[in-house]
Amino acid sequence: MATTKSHKSPLSGEFISEENTDEALTTVDKAAEKIVLRKLDWHILPLITLIYTLAFLDRANIGNGRLYGLEKDLGLKGNQFQTAVSVFFATYVACEVPSTIFLKKLRPARFISGIAILWGIIATFTGLVQNYESLLACRLLLGLAEGPLFPCLIIYLTFFYTRKELAVRFGYVVLGGALSGAIGGLLAYAIGYLDGRHGFRAWRWLLLIEGPPSVAIGGFGWFFLADSPESAWYLSLAQRELLVIRGRRDQHEASSPSANALHRSDVLAAIKDWKIWAFSVLNFLADIQIFTYAYFLPTIIKAINPAWSTVYVQALTVPCYVWSAIAYFAVAYTSDKLQHRAVFGILACLVSVIGHIMLIAGNNVAAQYVGCFFIASGIYIVSGIAVVWMPSNLPRYGKRSTAVGMQLMIGTSAGIPAPYLYPTGDTPRYIMGHSVTIGLLALCAVINGVLWWSMVDTNKKRAAGKEDWKISGLTEEEIVGMGDSSPRYIYAI
């Protein structure tokens, strides 16, 4: 029976008076909800998309710089370029779990904006390095600054959006990665004409020009972004309370003060959950493809037709990234509409596999270039769907933040071995790199299928009451506190 009571906001911990709570959860004003959602979208998505675009641009522009003589100017030999790419991830992955666990204590908006300023400064000074050792030092520092960004953005989005809205919203973060590839190719094309100006090679201009925008946008975000719905300056008090009700309606298990606090037991629960480890391995396998594509697409396209000029090759990378963004948004929109994740992850694996086969077996330039588009079709979907799917099934903040950190730390560590899959000596076919990636994508499809089956099976058991023994003798508060372990919790698949 509905009652009049006060409860703590699941986001801020502030007490909110609410009459007839049960009824309120089912009678939210849809028009008002749309207005709030539109405000959130306008005040959050453009800025975080731009921040992630700049982050990806600053880490990946070394791949474009390679074609403009970076290796020769710094005297790199053998696999030293691959090591410079790889070492970035050593410090990057070390930051991911701690940053997500303690994000709320760090003031999310200030923390995200602050690291943007920091990596922008480091990226800019990378353009002034004179040798291999200084390049490695800058890459290590860049990884340290950028490491917390991606997992913190995922957690940040869950503060504001329901799990039915996450795939499309996360798509804007993915769009940042795709945009960075397109923008990076265009900038590299244009900056190529600055080669030799004022005694600087084109690759130096590339780094010097692409770093400062991160500093500027980080400074803007410091004052513009809100830490939580309660501190969102662009929302009225009524709109902030509406967000609280939306969160309670979406996942009742996330509505208690305990669920939104950080508990040691939740951290341990994440470490013990096999599904989180499966998602983490899935991301590792999928991210191998993302990183090799980001760093070696210009090299792969150059190998398709060595007669193409460097500037022309840079331009040819742009359509591939534009297509990858279109493909992800189409799938994200459909996935949110149907409220289904797994099948899209599996299909994306298969589409990318076709692309790698085309690059290995293609007998003409057109077929191999089209293969790059097939890879692009699935490249962000495989990883992106998994990154949205997992946290949407973890209503307790402590477990969710730990899980996201684990998933992205293990996934991002793929950046360490990825550069070595495409050694210079394997040109033009790069058979080893493509073949290994095909095998990894096949494993991704299998893991997607296993997770899908497991969650469907658990939902059926819970619907049939086969897990009700777990809540025998427990109070309502204790049942809610079980989070996704509760027999009442239904997994999104």
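## Cavities and pockets

The count comes to eight cavities of 30 Å³ or more. The model is predicted. Two spaces are described here: the second largest cavity and the largest pocket.

**Second largest cavity.** This cavity holds about 230 Å³ of space. Its lining is made up of 19 residues. Nearest the centre lie Tyr52, Phe150, Asp287, Ile290 and Ser383. Five helices give two or more residues each to this lining: helix 2 (30-66), helix 9 (166-191), helix 14 (274-304), helix 17 (365-389) and helix 18 (397-412). By class, 12 of the lining residues are nonpolar, five are polar and two are charged.

**Largest pocket.** About 580 Å³ of space lies in the largest pocket. It is lined by 17 residues. Glu33, Leu37, Thr162, Lys164 and Glu165 are the closest to its centre. At least two lining residues each come from helix 2, helix 9, helix 12 (237-250) and helix 15 (310-338). Helix 2 supplies the largest share, four residues. In this pocket, 12 lining residues are charged, three are nonpolar and two are polar.

The class counts of the two linings are set out below.

| Space | Nonpolar | Polar | Charged |
|---|---|---|---|
| Second largest cavity | 12 residues | five residues | two residues |
| Largest pocket | three residues | two residues | 12 residues |

Which class has 12 residues in the lining of the largest pocket? The charged class does. In the second largest cavity, 12 residues are nonpolar. Helix 2 gives two or more residues to the cavity lining, and four to the pocket lining.

Notes
Residues numbered from 1 in each chain as written. Predicted model: local features only at pLDDT ≥ 70, side-chain atom pairs only at ≥ 80, totals over all residues. Heavy atoms only, no water. 1 Å grid on protein atoms, 1.4 Å probe; cavity = no way out; pocket = protein on both sides within 12 Å on 5 of 7 lines; lining within 4 Å. Points joined across faces, edges and corners; volume = space filled by probe spheres on them. Nonpolar A, V, L, I, M, F, W, Y, C, P; charged D, E, K, R; others polar.
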